[in-house]
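Please open the structure in your viewer and keep the selection tool at hand. The tour below moves from one selection to the next, saying at each stop what is there.

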Amino acid sequence: MQTEILRLNLDPYENGKKSGVFFKKHIQENIDKYEEAIKDPIIWSQCEYQLRKLEESFPNYVEEIKGKADGAEVDFKAYFAMMCPEIMEDVTYCTTIMCQDKHGNFLLSHNEDTEFEEGNFCLAKIITEEGWLVTSDTYNMPFGNSFSWNSYGIIKTINYCHEPDIHKQNISRLFAQRHISDATSIEDLIKRCTEIRPASGFHVNAIDKNSNMAVSIEVYPDDIDVTY
């Protein structure tokens, strides 16, 4: 099966819009649940609180999601609610295996364990003045989730570790995962894991191909645990 590649070298909004056009069918088929959910003032107030925090610190990520909603021709508020899995009680599953071969090279493998939906996957290559990021892209996540690699030689995967301690006042873990995808080194990756306090925990496996260094990071709403 051929993998589509979106080549994105525009501003964040236009990059998101191109992705939204690509996933328009899937987004429109799944948006009803979120359109109904945000009619509840409590649910929308929780989503809106996260949105305001994200706008203050990482407005480019908001622009990417606005573009994606517009590209898919859906309501932005409903689509942003889809980006708040802790509030919406959405669960995803995935598995990563990392090992070292007899030559000392690290190998990293990732599998999406959720139900397969044909057409709900592509690679997006985002080009900026600083370099580039290649990331898996789906209808229900921002850029940078699942797995990615960048021009700095950082290759990373994400596992959702089903952290039972949910902090709905924190920013969605999906945007925390977006943030670490642009890491310039293992040290910067670890630093970025502390810069967005996520609403729920997740697990990062990463390799720096330049130094052949590997790291495993458990990220919690209020702490991280790093193993080299």
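A salt bridge, as the term is used on this tour, is a side-chain nitrogen of Lys or Arg within 4 Å of a carboxyl oxygen of Asp or Glu. Please keep in mind throughout that the model is predicted.

Begin by selecting Lys-66 together with Glu-63, which form a salt bridge whose closest N and O atoms are 3.8 Å apart, and this pair counts as a salt bridge because the cut-off is 4 Å. Both residues lie in helix α5, three residues apart, which is about one turn of the helix. If you turn on a surface, you will find that Lys-66 is partly exposed at 28% relative accessibility, and that Glu-63 is likewise partly exposed, with a relative accessible area of 29%.

Next, select Lys-24 and Glu-73, another salt bridge, in which the closest N and O atoms are 3.3 Å apart. This pair links distant parts of the chain, since Lys-24 sits in helix α2 (residues 24–30) while Glu-73 sits in the loop between α5 (59–72) and α6 (76–82), 49 residues apart. Lys-24 is partly exposed, with a relative accessible area of 29%, whereas Glu-73 counts as exposed, because its relative accessibility is 55% and exposed means over 50%.

Stay on Glu-73 for a moment and look at its backbone, where phi is positive, at about 60°, although the residue is not a glycine. Which other residue has a positive phi although it is not a glycine? Select Ser-146, where phi is about 65°, and follow the chain on either side to see that Ser-146 is placed in the loop between β5 (132–137) and β6 (147–150). Ser-146 is buried, with a relative accessible area of 9%, while Glu-73, in the loop between α5 and α6, is exposed.

Now move to Arg-178 and Asp-182, whose side chains meet in a salt bridge with an N to O distance of 3.1 Å. Is each partner buried or partly exposed? Arg-178 is buried, at a relative accessible area of 5%, and Asp-182 is partly exposed, at 28%.

For the last stop, select Glu-48, Arg-52 and Glu-55 together, which are linked in a network of salt bridges. Should you wish to continue on your own, a search of the whole structure finds 13 salt bridges, among them the pair Lys-24 and Glu-73.

Terms used
Residues are numbered from 1 along each chain as its sequence is written. This is a predicted model: local features need pLDDT of at least 70, side-chain atom pairs count only at pLDDT 80 or more; totals for chains, interfaces and linings use all residues. Side-chain values use heavy atoms; hydrogens and water are left out. Helices (H or I, at least four residues) and strands (E, at least two) are DSSP runs, numbered from the N terminus. Buried means under 20% relative accessible area, exposed over 50%, partly exposed in between (1.4 Å probe, protein chains only).
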